[in-house]
Amino acid sequence: TSAQDTILSARGLTKRFAGFTAVNGVDLDVRRGSIHALIGPNGAGKTTCFNLLTKFLQPSSGRITFNGRDITALQPAAIARLGVVRSFQISAVFAQMTVLENVRIALQRRRGDSFDFWRPQKVLAQFDDEAMRRVEEVGLADLAHAQAGDLSYGRKRALEIATTLALEPEMMLLDEPMAGMAQEDVTRISALIRRISANRTILMVEHNLSVVADLSDRITVLARGEVLAEGSYAEVSQHPKVIEAYIGG
Ligand code: ADP
């Protein structure tokens with residue numbers, strides 16, 4: 001793998017919380033255009049890694065580069081502007097607004113304007129076409145004028161992804177995209193992730209291993225803050241240390 005094929009990379013990423021090392025010397029290379037999964041038993045350090053990569057947490061040591069540029073010292077907003085965007089939580093969806101309106105607001109946020117509550121329709125109308133394209137991209141065209149609060153859980157997740165896409169990320173970090181979902185929604189969101197990965201890189205933390213097996217090009221397995229194994233699903237799932245970590249807790 002040449003450096004050009006790597007979009008995001010971490011070297012020696014470490015996070016200590018008062019005497020406890022949650023992430024310990026993690027090296028990670030995410031290939032451009034891939035779907036890369038971060039898995040591991042509870043407490044392995046997956047969420048902490050995500051927070052470090054997006055700088056929601058400051059690393060104790062280590063280095064992070066994106067497109068060859070050192071981003072270790074940047075703030076989360078600056079990292080988002082470079083094109084690394086973490087999916088918003090569903091709670092960030094405005095329940096009283098329609099699907100389309102939610103995406104229009106995200107588009108306006110990308111432009112850096114604050115939302116104008118006195119002239120919402122006037123200001124937002126200019127984003128209509130682009131917002132509709134994003135809504136179509138996530139398969140919600142039929143529900144564009146439905147209230148976001150009335151959507152099923154899986155469709156709220158799709159809307160959340162649409163608002164993230166509005167920021168035109170080169171790389172998306174998805175934190176447990178299938179959490180709490182019924183199988184029907186898992187199938188729908190899997191198809192959506194595969195579709196949006198066509199021209200973006202995706203790094204996801206996901207507990208549903210059949211989803212991981214189905215979607216991931218590459219998998220990094222963490223346990224106790226360290227990388228246990230990395231490779232394809234076939235490779236990591238047969239790794240003795242990985243089996244031990246999952247079975248032995
Ligand atoms: P995972 O997402 O893989 O379940 P986490 O990254 O959430 O793991 O947590 C890794 C370890 O770090 C856990 O033992 C957790 O208790 C600890 N940890 C996470 N955040 C903090 C914090 N803010 N302060 C102290 N310990 C933390």
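**Helix H1**

I began with helix H1 of this predicted model and listed its buried residues: Lys46, Thr48, Cys49, Phe50, Asn51, Leu52 and Leu53. That makes 7 buried residues out of 8, so I noted H1 as mostly covered. Next I followed the backbone out of the helix, and just after H1 I came to Lys55 with a positive phi of about 65°.

**The ligand shell**

Which residues surround the ligand? I wrote down Phe17, Phe20, Ala22, Gly40, Asn42, Gly43, Ala44, Gly45, Lys46, Thr47 and Thr48. I then sorted this shell by class and got 4 nonpolar, 6 polar and 1 charged residue. Two elements, strand E2 (20–31) and helix H1 (46–53), each supply at least two residues of the shell. Which element gives the most to it? My note says H1, with 3 residues. Back on my list for H1, Lys46 and Thr48 are entered as buried, and both residues also appear in the shell around the ligand.

**Two positive phi values**

I kept a separate page for Lys55 and Glu168. Most residues other than glycine have a negative phi, so I wanted to see where these two sit. Lys55 has phi near 65°, a positive value in a residue other than glycine, and its place is in the loop between H1 and strand E4 (61–66). Is Lys55 buried or exposed? I counted 20 other C-beta atoms within 10 Å of Lys55, and 20 or more is the cut-off for buried, so Lys55 is buried.

Glu168 has a positive phi too, near 50°, and is likewise a residue other than glycine. I found Glu168 in the loop between helix H6 (153–165) and strand E7 (171–175). Here the count is 12 other C-beta atoms within 10 Å, and with 12 or fewer counting as exposed, Glu168 is exposed.

**Helix H5**

In helix H5 (residues 128–137) I marked Ala131, Arg134 and Val135 as buried. Why do these buried residues line one face of the helix? I looked down the axis of H5 and saw them fall within an arc of 100°, so they line one face. Just after H5, I noted that Gly139 takes a positive phi of about 80°.

**The two domains**

I used the division of the protein chain into domain 1 (1–83 + 169–249) and domain 2 (89–168). Their C-alpha centres lie 27 Å apart. How many residues are in contact across the two domains? I have 11 residues of domain 1 in contact with 12 residues of domain 2. On the side of domain 1 that touches domain 2, the largest share, 5 residues, comes from helix H7 (residues 183–196). By class, that side of domain 1 has 8 nonpolar, 1 polar and 2 charged residues.

**The largest nonpolar core**

My last entry is on the largest nonpolar core, which has 69 residues. Which of them touch the most other members? They are Cys49, Val103, Ala162 and Val221. Helix H3 (residues 99–111) gives the most to this core, with 6 residues. I also checked the domains here: the core draws at least three residues from each of domain 1 and domain 2.

I picked Ala162 for a closer look and set aside its neighbours within four places in sequence. The contacts left for Ala162 are Val103, Arg134, Val135, Glu137, Val138 and Leu140. Two of these brought me back to an earlier page, since Arg134 and Val135 are among the residues I had marked as buried in H5.

Terms used
Residues are numbered from 1 along each chain as its sequence is written. This is a predicted model: local features need pLDDT of at least 70, side-chain atom pairs count only at pLDDT 80 or more; totals for chains, interfaces and linings use all residues. A residue is near a molecule or strand if its C-beta atom, placed from the backbone, lies within 6 Å of it. Helices (H or I, at least four residues) and strands (E, at least two) are DSSP runs, numbered from the N terminus. Ala, Val, Leu, Ile, Met, Phe, Trp, Tyr, Cys and Pro count as nonpolar, Asp, Glu, Lys and Arg as charged, and the others, Gly among them, as polar. The arc is that of the directions from the helix axis to the C-beta atoms. Domain bounds come from an automatic or database domain assignment. Two residues are in contact if their C-beta atoms, placed from the backbone, lie within 7 Å. A nonpolar core is a set of buried Ala, Val, Leu, Ile, Met, Phe, Trp, Tyr and Cys residues joined through C-beta atoms within 7 Å.
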